[in-house]
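These are my notebook entries on one protein chain. I set down what I looked up, in the order in which I looked it up.

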Amino acid sequence: MQFSPELRDPVLAGEVTLSVRLWTRPKVKVGNRYRVGPGHIEVDEIELMPFASVTPDDVARCGETDRESLRRRAAHAGPVHDDTLVYRIEFHAVDGPA
């Protein structure tokens with residue numbers, strides 16, 4: 001899973017534990033590990049849901065200050081409206097190989 005450079009350290013420190021992605025299909029699997037810079041994350045859960053279902057806690061866990069900044073980050077792959085289906089991916093940082 002790719003993260004913006006400014007999010008990589010917080011992801012590996014365990015400060016960011018959630019990502020919202022605008023994908024046409026899942027690109028990660030629960031239980032698999034993925035390289036993030038010099039470390040790895042393991043995916044705990046993946047859920048397809050409308051963007052409107054993203055909670056304030058989700059926004060904070062993504063490392064964003066508000067819903068609109070999260071919407072802009074997710075929209076790099078296309079427009080994100082409240083009814084747009086997005087993948088909500090929970091993960092945790094781990095040591096060891098992918």
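**Entry 1. Overall architecture**

I began with the secondary structure and counted 3 helices and 4 strands in the protein chain. I note at the outset that the model is predicted. Reading along the sequence, I recorded the pattern α-β-β-β-α-α-β. I then looked up the radius of gyration, which is 13 Å; this is close to the 13 Å that the globule rule gives for 98 residues, so the chain is as compact as a globular protein of that length. For the extent of the C-alpha trace along its principal axes I noted about 40 × 25 × 20 Å.

I also took two totals for the protein chain. Of its 98 residues, 43% count as buried. Among contacts between residues at least 6 apart in sequence, 72% join residues at least 24 apart.

**Entry 2. The sheet**

I next asked in what order the strands of the sheet are arranged. I found an open sheet of 4 strands, ordered β1-β4-β3-β2, with antiparallel pairing. The edges are held by β1 (18–21) and β2, and each has a single partner strand, so one side of each is left without a neighbour in the sheet. From one strand to the next I noted an average twist of 40 degrees.

I then went through the pairs one by one.

- For β1 and β4 I recorded 4 bridges in the antiparallel sense, and I found Arg21 opposite Tyr87 in β4.
- For β3 and β4 I recorded 10 bridges, again antiparallel, and I listed Arg88 in β4 as the bridge partner of Glu47.
- For β2 and β3 I recorded 4 antiparallel bridges, and I found Arg35 opposite His40 in β3.

**Entry 3. The β2–β3 hairpin**

I looked at how β2 and β3 are connected. They form a hairpin with 2 residues between them, and Gly37 in the turn has a positive phi of about 55 degrees.

Which side chains of β2 are buried, and which are not? I found that they alternate along the strand: Tyr34 and Val36 point to one face and are buried. Arg33 and Arg35 point to the other face and are not buried.

**Entry 4. Helix α1**

I turned to α1 (residues 5–12) and found Leu7, Pro10 and Val11 buried. These three cover an arc of only 105 degrees around the axis, which puts them on the same side of α1. On the other side of the helix I found Pro5 and Asp9 exposed.

I then asked what covers the buried residues of α1. The cover includes β2 (33–36), β3 (39–50), α3 (67–74) and β4 (85–94). Just after the helix, I noted that Gly14 takes a positive phi of about 80 degrees.

**Entry 5. Strand β4 and Ala93**

I checked the burial of β4 and found the strand mostly covered, with 7 of its 10 residues buried. I then singled out Ala93, which is found in this strand. Is Ala93 buried or partly exposed? Its relative accessibility is 30%; because buried means under 20% and exposed over 50%, Ala93 counts as partly exposed.

For its contacts I left aside the neighbours within four places in sequence, and I recorded Val11, Leu12, His40 and Ile41. I also looked up the separation between Ala93 and Trp23, which lie 70 residues apart along the chain: their C-alpha atoms are separated by 22 Å.

**Entry 6. Nonpolar cores**

I finally examined the largest nonpolar core, which has 14 residues. Those that touch the most other members are Met1, Phe3, Val11, Val28, Ile41, Ile89 and Phe91. At least two residues of this core are supplied by each of α1, β2, β3 and β4. The most comes from β4, with 3 residues.

I looked up the contacts of Met1, again leaving aside neighbours within four places in sequence. Among them are Val28, Ile41, Ile89 and Phe91. The list also includes Tyr34, Arg35 and Val36, as well as Ser19, Arg21 and Trp23.

I closed with a second, separate core of 12 residues, which includes Phe51, Val59, Cys62 and Ala74.

Technical notes: Residues numbered from 1 in each chain as written. Heavy atoms only, no water. Buried < 20%, exposed > 50% of the residue type's maximum accessible area, 1.4 Å probe, protein only. Arc of directions from axis to C-beta. Contact = heavy atoms within 4.5 Å. Pairing = 2+ DSSP bridges. Axes fitted to C-alpha atoms, helices over the stretch in contact; angles between N-to-C directions. Core = buried A, V, L, I, M, F, W, Y, C linked by side-chain atoms within 4.5 Å. Rg over C-alpha atoms; globule rule 2.2 N^0.38 Å.
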